[in-house]
Amino acid sequence: MEHFDFQWHITDRCQGRCRHCYQSAFDGSAEQPVDALKEIAFHIISYLKVPVSIHLTGGEPLLYKDLFDLMAFLSSFSNLDELHLITSSFGMDSSTVEELKKIAKLKTVKISLESHLPVVNDSIRGDGHFRMAVDNMITLVDAGIPVVMMATLGKYNYQCVEEICAFASQLGVSGVMFERYVPLGRGKKLRDEVLNQWQWMEVLRAVCRVGDLGVEADCLLAYQAFWIDMPQRLTCSINGALCNLGSSSMALMPDGTVFPCRRLPVPVGRLPKSGMERILETLSQYSPEILRKKMKTVKCGSCPIEGCSGCRALSLAMGNGMYGDDPLCVGVPQGGV
């Protein structure tokens, strides 16, 4: 392991009730006091002898009253490589911005926005969210804090990848992240909005155009998410994200429960009780290489793309089981990619 990256959901509380949300509960029953979170953080980071990246989120992390105390504590570790905050920006004000500016290792603030069109975004995230999120992004950018816009792609917005990127560039944010919608929790009711194979291929073609990659969309089949990097509004670059299941990543829930991925809610232990050694051993069993050996499916089980096992979360959520085919994969053309 050369690097460890995890998403830490420090609270379930959230003012929003986004239609595609993967949560089912929105209260503070699983929330822990900051001293308990610091103990967990120490247990994780001090055990790992490699650079660590942490993405703090929720729920809405800005509702956690000791958020900045926790962020300052995390920044004190020498092997903390990057600290990110994922938020809808509900509750953000001038004091929030000032506190964020004090966090030494804060790399980005990632703010959710589903479209460049208010009507589309607010149909998913609630009335008024678009204006609030855009205003907060502008405020953060003006304060010198790097901002990344995050969009979850479904049938409601998949045709707007290029427009979303252009809008983000106008705002002066550092980049855009595109992820695929997986129907979990509250979001199960929006199941019909999950992309199909051909719509996902349209997304891949749009990513190729945005980055002027000069390749066919088939070359991006292994990637399940994309970071469009737009430094100082100059020519963007494309960073594709492969499935990160395995011993170098995890999702940590408010009560300390660990999942291989937030969208793959299969408990593998609970911190600090389980211990990082046991957690890492269990997480390693979810690596694409090991998962592939358990697949008997037509596409994912025989895919020639090295390191790809499809999206296990989407397969499970759509009723194909843990080891079924990724519903969004069209399969590899003759001759591979």
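Trainee: Why is Arg19 called partly exposed?

Mentor: In this predicted model, Arg19 has 38% relative accessibility. Buried means under 20% and exposed means over 50%, so 38% falls in between and Arg19 counts as partly exposed. You will find Arg19 in the loop between strand S1 (4-9) and helix H1 (34-47).

Trainee: What makes Arg19 part of a positive surface patch?

Mentor: The patch is formed by Arg17, Arg19, Arg186 and Lys189. Lys and Arg count as positive, and a patch residue needs over 30% relative accessible area. Arg19, at 38%, passes that cut-off.

Trainee: Let's go to the sheet. How many strands does it have, and in what order?

Mentor: It is an open sheet of 11 strands, in the order S8-S7-S6-S5-S4-S3-S2-S1-S9-S10-S11, and the pairing is mixed.

Trainee: What makes S8 and S11 the edge strands?

Mentor: Strand S8 (237-241) and strand S11 (269-270) each pair on one side only.

Trainee: Why is strand S5 described as largely enclosed?

Mentor: Strand S5 covers residues 147-153, and 7 of the 7 residues are buried, so the rest of the structure largely encloses it. Val147, Met149, Ala151 and Leu153 point one way, Val148, Met150 and Thr152 point the other way, and all are buried. In a regular strand the side chains alternate between the two faces of the sheet.

Trainee: How do you know that S5 pairs with S4 and with S6?

Mentor: Two strands pair if there are at least two bridges between them. Strand S4 (residues 106-112) is joined to S5 by 4 bridges, and the two run parallel. Strand S6 (residues 175-180) pairs with S5 over 6 bridges, also in the parallel sense. Both counts meet the cut-off, so both are pairs. To find these places in the structure, look for Lys110 opposite Val148 in S5, and for Leu153 opposite Arg180 in S6.

Trainee: And what makes strand S3 largely enclosed?

Mentor: Strand S3 spans residues 80-87, and 6 of the 8 residues are buried, so the rest of the structure largely encloses it. Parallel to S3 runs strand S2 (residues 52-57), joined to it by 5 bridges, with Leu56 opposite Leu85. S3 and S4 also pair in the parallel sense, over 5 bridges, and there Leu83 stands opposite Leu106.

Trainee: How do you know that Glu31 and Arg13 form a salt bridge?

Mentor: Their closest N and O atoms are 3.0 Å apart. The cut-off is within 4 Å, so the pair qualifies as a salt bridge. Both residues lie in the loop between S1 and H1, so the bridge ties together parts that are 18 residues apart in sequence. Glu31 is partly exposed at 25% relative accessibility, and Arg13 is partly exposed with a relative accessible area of 25%.

Trainee: Which parts are tied together by Glu162 and Arg209?

Mentor: The side chains of Glu162 and Arg209 meet in a salt bridge of 2.9 Å, N to O. Glu162 lies in helix H6 (residues 161-171) and Arg209 in helix H7 (residues 197-210), so the pair ties together parts that are 47 residues apart in sequence.

Trainee: Why are Asp326 and Arg180 both called buried?

Mentor: Those two form a salt bridge, their closest N and O atoms being 2.9 Å apart. Asp326 lies in the segment after helix H10 (312-317) and Arg180 in strand S6, so the pair ties together parts that are 146 residues apart in sequence. Buried means under 20%; Asp326 has 4% relative accessibility, so it counts as buried. Arg180 has 8%, so Arg180 counts as buried too.

Trainee: Are Ser89 and Asp212 buried or exposed?

Mentor: Ser89 has 0% relative accessibility, so it counts as buried. Asp212 has a relative accessible area of 67%; exposed means over 50%, so Asp212 is exposed. Phi of Ser89 is near 80°, a positive value in a residue other than glycine, and Asp212 also has a positive phi, near 50°.

Terms used:
Residues are numbered from 1 along each chain as its sequence is written. This is a predicted model: local features need pLDDT of at least 70, side-chain atom pairs count only at pLDDT 80 or more; totals for chains, interfaces and linings use all residues. Side-chain values use heavy atoms; hydrogens and water are left out. Patches are made of residues with over 30% relative accessible area and no salt bridge: like charges are joined within 9 Å, nonpolar side chains (Val, Leu, Ile, Met, Phe, Trp, Tyr) within 5 Å. Accessible areas come from the Shrake-Rupley method with a 1.4 Å probe; for residues, only the protein chains shown count as cover. The place of a charge is taken as NZ of Lys, CZ of Arg, CG of Asp or CD of Glu. Buried means under 20% relative accessible area, exposed over 50%, partly exposed in between (1.4 Å probe, protein chains only).
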